[in-house]
Amino acid sequence: MVNIKRSPIVDTGEAVGIVAAQSLGEPGTQMTMRTFHYAGVAEHVPLGLPRLIEIVDARRDISKSLMDIYLTKEYSKDKKKVEKIAKGIEQLTLGKVAKIVEDFENKSIRIIVDVKYLESRNLTFRELVKKISKFLNGSARVRTKSGKYILITAKTSYVQLRKMSMKLKSLHLFGIKGLSKATVAKDDASKEYFIRVGGSNISELKKMEEIDFSRLYTNSIRDIEKHFGIEAARSAIVKEIKQVMDLQGLAVDVRHVMLIADAMCSRGYVEPVGRHGLSGKKESILARAAFEETIKHLVNASIKGEEDKLNGVTENIIIGQTIKLGTGKVKLVMR
Amino acid sequence: MSKSKQTRSQSKRVVVYLNGIYLGFHDNGDELVKSILEKRSIRELTPNLNISYNKKTGEVHLNTTGGRLRRPYIVVKNGKPLLTEEHLEKLKSGEITWDDLVAEGVIDYLDSEEEDSLSYIAMDESELTSDHTHLEINPASITGAIVSTIPYPDHNSSPRLTMAASMMKQSLGLYAVNFNYRLDSRAHILFYPQVPLVQSASYSALNYDKRPAGQNFVVAVMSYYGYNMSDAVVVNKNSVERALSRSVFYKTYETEERRYPGGQKDKLMVPNPNIMGYREEELYRNLDEDGIIMPEVEVKPRDVLIGKVSPPRFMEEVATFGITEEKRRENSVTAKGGDYATVDSVMLTESLAGNKLVKVKLRSLKVPEVGDKFASRHGQKGVISYIAPQEDLPFTKSGVVPDLIINPHAIPSRMTAGHILEMLGGKASALDGEYVDSTMFSGTPEDELRAVLKKYGFEEGGEEVLYDGITGEKYKATIFIGVIYYQRLHHLVSNKMHVRSRGPVQLLTHQPTEGKAREGGLRFGEMERDCLIGYGASQLIKDRLLEESDKTIVRVCADCGSLGVYDYSKRREYCPICKGTRMDEIEMSYAFKLLLDEIKSLNVFPRLRTGDKR
Ligand SMILES: [Zn+2]
């Protein structure tokens, strides 16, 4: 009788790594650079091959991070409340709420402020002027005009003036740093509202009581690792890779993806596949030398007096022995 | 934006560049451009000058350098083309030439920059307004010489035109009428080349009709017992026997009697058996007394075509015995693998250096066979998968049997409607006895072709009732059948076929050589290796990568782990590093032995720890 429960378990000596690599690599060749967009989300998130590379390289600075913020029960059902929180989270800089005009001839910067908007966010014009003065820290003269304009004059070079105006543009006023373009969406499964926001800043969100921290999700694997631990990071890798493949309409068995995620997380921290990660940290000198930076690996190995135990696949092929996989795994023993 | 900036951008002050190099400022860009264009139009400035004006950046670029792609246009003034009937009459009578028109300012050459910035070009005379500066000579001139010969190109997708153009360059035909006297290193000549029934106006203008490269085939678009899957085609055997797309392949070998420093010289002769590197006697059988093969002799691979003996490569070889009795080496020219051919001609002459030069031209008949490549002029290429006897092929009620059958799936996804139109046109032309014009944008329209078919009692869509040649049954569907120009491409299997079981190896790596010319093996690459690992076939990997490749036995010192040597004179093995004599014989790939050597060259000492197989 066939044991159905055990039948999908791989045999010993099965080359699961190669099979996983091929199972992800083959559809990867079909993955085109043309990317479909998330419908309904304002942010353009990289998809397809660029995103896949981003994940397996375990990049710290991913090109576009996203967060899904779920709220506690008191808030999540009420769309108005959620929208209000979303508005509060979004970071607003001076450049977003005021018009900043450079005047190079008079070496000054004019800031035209929307006072009504400021007051709706509980910030008076006076407070704003104070904030700007503090920000500039005496490097320029700040004057106000008719309670609407702020005129900043500085005796500096044009380059310095431009730098100053750029800095003023990114002066943080409201919300949480790094978060932008918050949109409210409805979760069809749980019939509640959640906030999808560009950027990732878990440590600040942690302080907010309205947020259900246990359901917070970000596509930044590094952030997940930092705040939720390695197991969560592993799950996130699986989820993100699977999502990339699914969006391209490519069918890959999750277990291949899981193996890759396991390998990336096996040391207790997330490490990339490739030169600075798995391939670069192989046990065998020969296998490492065969991959990249041949001379570096050989010379370093000689300095340390390393020995190649010849346990892997690549090194055994290099020296011309049978590999310890498949039919090479088993041996005959004479009694 | 500040006030001063605004005024600056509104001003017409421009920077002028000549051939990309800064020339100076001008206060009014519009006026500058206008006056330059006027001066060019009366040819006070050279017609080689092109100008572009970027109002946004305030730059005027003047270009006179070579290497810009330029196209001719008819100059338009006040909505009227300057080219008149009078000009055309004079052109026809030969009174004036094209260059005169350019000199007169009737024709302007524009580069892409001027096309984009300063010109307004009309496609057709009827749409001319007073704003137009130029008129396109003919809309079909947007393509080059080769694409212009494709029939109905305006009905195809552009990638297919590119592909068709590149395939036309590979077609066999009559490349030169003096081919019999030419000694090209490789040349193909098509038997009975035909002028296409469907052709564009440029076809005869390019004299392509005097040296055609293809034949008009009767083609059916249908499936034939699964033999024409994908892009495979089925060919009529009887058509092939009637010399359909038959061709001859010429290949020329040559050698010369070179002189070497030291007064020595090559000699063309039948080599003596005592000469170094003497081949089997059998291979020299075709050589005449002078050491050169005779015309009309049949040769096989490895046969010697020109016998030649050369002086030894190193002078010492002669000097060892002190006698002038030279040990010369065999240096004959032999037919390469796959050359089953007849000697077409032998030419004796003198090289530039004044040496005796011999060229031997081989000729071989290339009858279409399974694996040969064919293509229509629409980027539709295919390989013969089966040569079916005529009696097995489908036939129409009038008894027409197709020369070639293509798969209907080749058409929709590639969007080569031109292919269908050409088949229709070819059929109409064959019935009517008139060539069909298929020039871009002005070719004979589909309706007219349909009318011709109808006139001769055919189904106007080109479809016909066909009968299965094997069962004699009528096909349930009507089959689209027509006449279309097909080209045989120069990728012939007989010139490509290659096998190896054993053979030469590379000097450096001891691995098999690469390529057909060196009788090489086929690479078992990294990805193939991965597949075997994935399958777990460890013994097969070892077989491919070691046993059948560069396996070597090396001695390894059991004491220090370095590679040992064998002293033949003392019949003794020893370690050159530690002078130990305990050795283990290890099998490894020669490439790994090389790797060890290279590691040593990095001043790293790799030790091999040997032991019994675990
Ligand atoms: Zn030794």
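**Note on the A–B interface and one sheet of chain A**

1. Across the interface of chain B and chain A in this predicted model, the rule finds one salt bridge, a term that requires a side-chain nitrogen of Lys or Arg within 4 Å of a carboxyl oxygen of Asp or Glu. The partners are Glu307(A) and Arg609(B), whose side chains meet at 3.1 Å, N to O.

2. On the side of chain B that touches chain A, α13 (526–535), α14 (538–547), β34 (583–589) and α15 (590–601) each supply at least two residues; helices here are DSSP runs of H or I with at least four residues, and strands are runs of E with at least two, numbered from the N terminus. By class, this side of chain B has 13 nonpolar, six polar and six charged residues.

3. The contact (heavy atoms within 4.5 Å) takes 27 residues from chain A and 25 residues from chain B.

4. In chain A, an open sheet of four strands follows the order β8-β9-β1-β10 with antiparallel pairing, where two strands pair if DSSP finds at least two bridges between them. Because β8 (180–187) and β10 (217–218) of chain A stand at the edges with a single partner strand each, one side of each is left without a neighbour in the sheet.

5. β8(A) runs antiparallel to β9 (residues 192–198) of chain A and is joined to that strand by six bridges, and Ala185(A) stands opposite Phe194(A) in β9(A).

6. Residues are numbered from 1 along each chain as its sequence is written, and chains are lettered from A in the order in which they are written. Local features need pLDDT of at least 70 and side-chain atom pairs count only at pLDDT 80 or more, whereas totals for chains, interfaces and linings use all residues, and side-chain values use heavy atoms, with hydrogens and water left out.

How values were computed
Nonpolar A, V, L, I, M, F, W, Y, C, P; charged D, E, K, R; others polar.
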